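Subject: The structure for you to look at

Hello,

Here is the structure I promised to pass on. Please open it and keep it beside you while you read.

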Amino acid sequence: MKSVVVYVDLIFLTNLCMDGALIGLTAWMRQTKLVWWRWLLSAIVGALYVVMMFVPQFDFLFTFLIKFGFSLVMLSIAFGYKGLQAFLRTLGTFYVINFVAAGGILGVHYMLQNSGELFNGIWFTASGGMSFDLKIAFWFTFIVFFAVLILFKIVQGAKRKSDRMTTYLGQVEVCIDEVVVSCTGLLDTGNQLTDPLSRMPVMVMEVSLWQTMLPDSWNSRLKHESPENLIMELDQKHFRWQDRLRLVPYRGINKGTAFMMAVKPDRVKVTMDGTDYVTTKVLIGLDGGVLSSDGKYQAVIHPELVQEAASAQSKAQSAEPTEKPLNVV
């Protein structure tokens, strides 16, 4: 009779790490800070439950209700009870992560199998049904488990970043004479670019949005050439917006002082969260590159365009509810 050796200590430590990772990722998804001793105690409870499967007297513990009850105990220890709704959301997040990890392990396992190994694990029962033998190596499970969790966190982190950026996106409408240019803009709260002479805030836009209104050569040259040279060339060429052009000095990262070409619009309207912010005292900086690699926005909104308008709303009783005047000194 063949004997089977079970390394209970190894199984305990492995499940301790796995349960700790599941609890930690659940807290990250729920944006909840864990207390270290609660985190450790919850993982120990989960690891002890797995070890008990090797004790014949405790076989009654491995039913659905008992398993579900242990998960409730683990989450109660790790997160405490802060209301039924919050607890149910944590429970749902915990099980989603578990199912993702388990599905990832099975998916990688079957993806690496050849057809012979796959069919050797399938057998038919006397009643005509089918059954599957699942044999997954211990270290394979351990490694793939953490690989799946890391991949899951990376994907969720990218999604969370994208969702967070969406809250800072707004619609921009710039009017010059009869020309109206519209695009999506990103509110950059760290943007402090202003014209030192007029003290007007500068909203940066991609020059490609203005390619039909500007000289043909500017669209390709503005990225590599100094804007002063382009303006000097206008002395012998007719350009109807020549009196609207400005040169705004700025300091780039690891660079000295440079100049950005800007144009003075008649009116700019920024729409965010259903509210319109309108101003006439702003400059439009022209950038020769691409502001967003994935094309989500084509302009960078100066925070004063929103902050000052919100302040003006509380002072101006006669302003329309969706049109808020902006006065920038």
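Start in the strands. V174 stands opposite V268 in β8. V174 belongs to strand β3, which covers residues 169-176. Strand β8 covers residues 267-272. The two run antiparallel, and five bridges join them. A second facing pair is Q171 and T271, again with T271 in β8. Please bear in mind that this is a predicted model.

Now stay with T271. Which residue is its bridge partner in β9? The partner is D276. So T271 is a useful landmark when you trace the sheet: look for Q171 across from T271, then for D276 in β9.Strand β9 spans residues 275-279. Five bridges join β9 to β8, and these strands also run antiparallel. They form a hairpin with two residues between the strands. D273 takes a positive phi there, near 55°.

Go back to β3 and look at its pairing with β4. Strand β4 covers residues 179-187. How many bridges join β3 to β4? There are eight, and the strands run antiparallel. V172 is a good place to check, as it stands opposite C183 in β4. β3 and β4 form a hairpin too, with two residues between them. D177 sits in that turn and has a positive phi of about 55°.

One general point helps when you view strands. In a regular strand, side chains alternate between the two faces of the sheet.

Next, the helices. Begin with α1, which runs over residues 8-30. Find T26 in α1. Is T26 buried or exposed? T26 is buried, with a relative accessible area of 0%. The cut-off for buried is under 20%, so T26 meets it. The T26 side chain reaches the backbone oxygen of L22, at 2.7 Å. Leave aside neighbours within four places in sequence, and T26 is in contact with F79, T90, T93, F94 and I97.

How are two packed helices described? The terms are the angle between their axes and the distance between the axes.

Take α1 and α2 with that in mind. Helix α2 covers residues 36-51. The angle between α1 and α2 is about 135°, and their axes are 8 Å apart. That makes α1 oblique to α2. On the α1 side, the contact includes V8, I11, F12 and N15. On the α2 side, it includes W39, L40, S42 and A43. α1 passes α2 in a right-handed crossing.

α1 also packs with α3, which covers residues 64-79. Their axes come within 11 Å and cross at roughly 60°. α1 and α3 are therefore oblique to each other. This crossing is right-handed. D19, I23, T26 and A27 in α1 meet M74, L75, A78 and F79 in α3. You have met T26 and F79 before: they are in contact.

Last, the whole chain. The chain has nine helices and 12 strands. Of its 329 residues, 37% count as buried. Take contacts between residues at least 6 apart in sequence: 64% of them join residues at least 24 apart.

Best wishes

Definitions and conventions. Residues numbered from 1 in each chain as written. Predicted model: local features only at pLDDT ≥ 70, side-chain atom pairs only at ≥ 80, totals over all residues. Heavy atoms only, no water. Pairing = 2+ DSSP bridges. Helix = DSSP H or I, 4+ residues; strand = E, 2+ residues; numbered from the N terminus. Buried < 20%, exposed > 50% of the residue type's maximum accessible area, 1.4 Å probe, protein only. Polar contact = N/O pair within 3.5 Å; in protein donor to acceptor, adjacent residues only side chain to side chain. Contact = heavy atoms within 4.5 Å. Axes fitted to C-alpha atoms, helices over the stretch in contact; angles between N-to-C directions. Parallel < 35°, antiparallel > 145°, perpendicular 65-115°, else oblique. Left-handed = near helix turned anticlockwise from the far one by under 90°.
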